[in-house]
Amino acid sequence: MKLIMAVVQDQDSNRLMSALVDNNFRSTKLATTGGFLKSGNTTFMIGVEDVRVNKCLQIIRDNCKSRDQLMAPISPMGGNADSYIPYPVEVSVGGATVFVLPIDQFHQF
Ligand code: 2BA
């Protein structure tokens, strides 16, 4: 068994969750925050039998889009002036950042 952890954009999360349910995958959705943009994103925890990992990855790929997002200027107030960016910067986010982890044991009590 594997645990798939997928960080996706909030805009894709409802569609992805519906697609997972339609394909009989069980998942848990967490509200998370990206360390770089410091804005909200969504992380899915999906417990998957080994033979279904590729199917799950395909569903994530099909339902998560890449988008350009503007990063607001970082204020130097109280911070390090070295990291000050005085103008908005466009970064490309997503579609999804996915980790596939081995699972030693799975229990439901
Ligand atoms: P954020 O950390 O908010 O990053 C948003 C986007 O900013 C990234 O998109 C990337 O295009 C850019 N970015 C991130 N760190 C950067 C840096 N040090 N320098 C320049 N640009 C940078 P994605 O790569 O698609 O990542 C989307 C979200 O996935 C991330 O949001 C973060 O929440 C998660 N993520 C990405 N890589 C990760 C990793 N290795 N470990 C844990 N979470 C990760």
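Contact here means heavy atoms within 4.5 Å. This is a predicted model, so local features need pLDDT of at least 70 and side-chain atom pairs count only at pLDDT 80 or more, while totals for chains, interfaces and linings use all residues. Residues are numbered from 1 along each chain as its sequence is written, and side-chain values use heavy atoms, with hydrogens and water left out.

**Exercise 1. Read the fold along the sequence and list how many helices and strands the chain has.**

Step 1: Take helices (H or I, at least four residues) and strands (E, at least two) as DSSP runs, numbered from the N terminus.
Step 2: The count gives two helices and six strands.
Step 3: In sequence order, these elements follow the pattern β-α-β-β-α-β-β-β.
Step 4: Turning to contacts with a separation of 6 or more, 69% of them join residues 24 or more positions apart.

**Exercise 2. Place lysine 55 in the model and find which residues it is in contact with, leaving aside neighbours within four places in sequence.**

Step 1: Lysine 55 sits in helix α2, which covers residues 53-63.
Step 2: Buried means under 20% relative accessible area, exposed over 50%, and partly exposed in between (1.4 Å probe, protein chains only).
Step 3: Lysine 55 counts as partly exposed because its relative accessibility is 42%.
Step 4: With the sequence neighbours set aside, Asn23 and Phe25 are in contact with lysine 55.
Step 5: Asparagine 23 is 32 residues away along the chain, yet its C-alpha atom and that of lysine 55 are separated by 9.1 Å.

**Exercise 3. Describe the largest pocket: which residues are closest to its centre, and which element gives the largest share of its lining?**

Step 1: On a 1 Å grid over the protein atoms alone, a pocket is an open set of points where a 1.4 Å probe fits, with protein on both sides within 12 Å along at least five of seven lines; lining residues have an atom within 4 Å of a point.
Step 2: The largest pocket holds about 400 Å³ of space, a volume being the space filled by probe spheres set on the grid points, which are joined across faces, edges and corners.
Step 3: Its lining has 16 residues, and Met1, Arg26, Gly47, Val48 and Phe106 are the closest to the centre.
Step 4: At least two lining residues come from each of β1 (2-8), β2 (27-33) and β3 (40-48).
Step 5: β3 gives the largest share, three residues.
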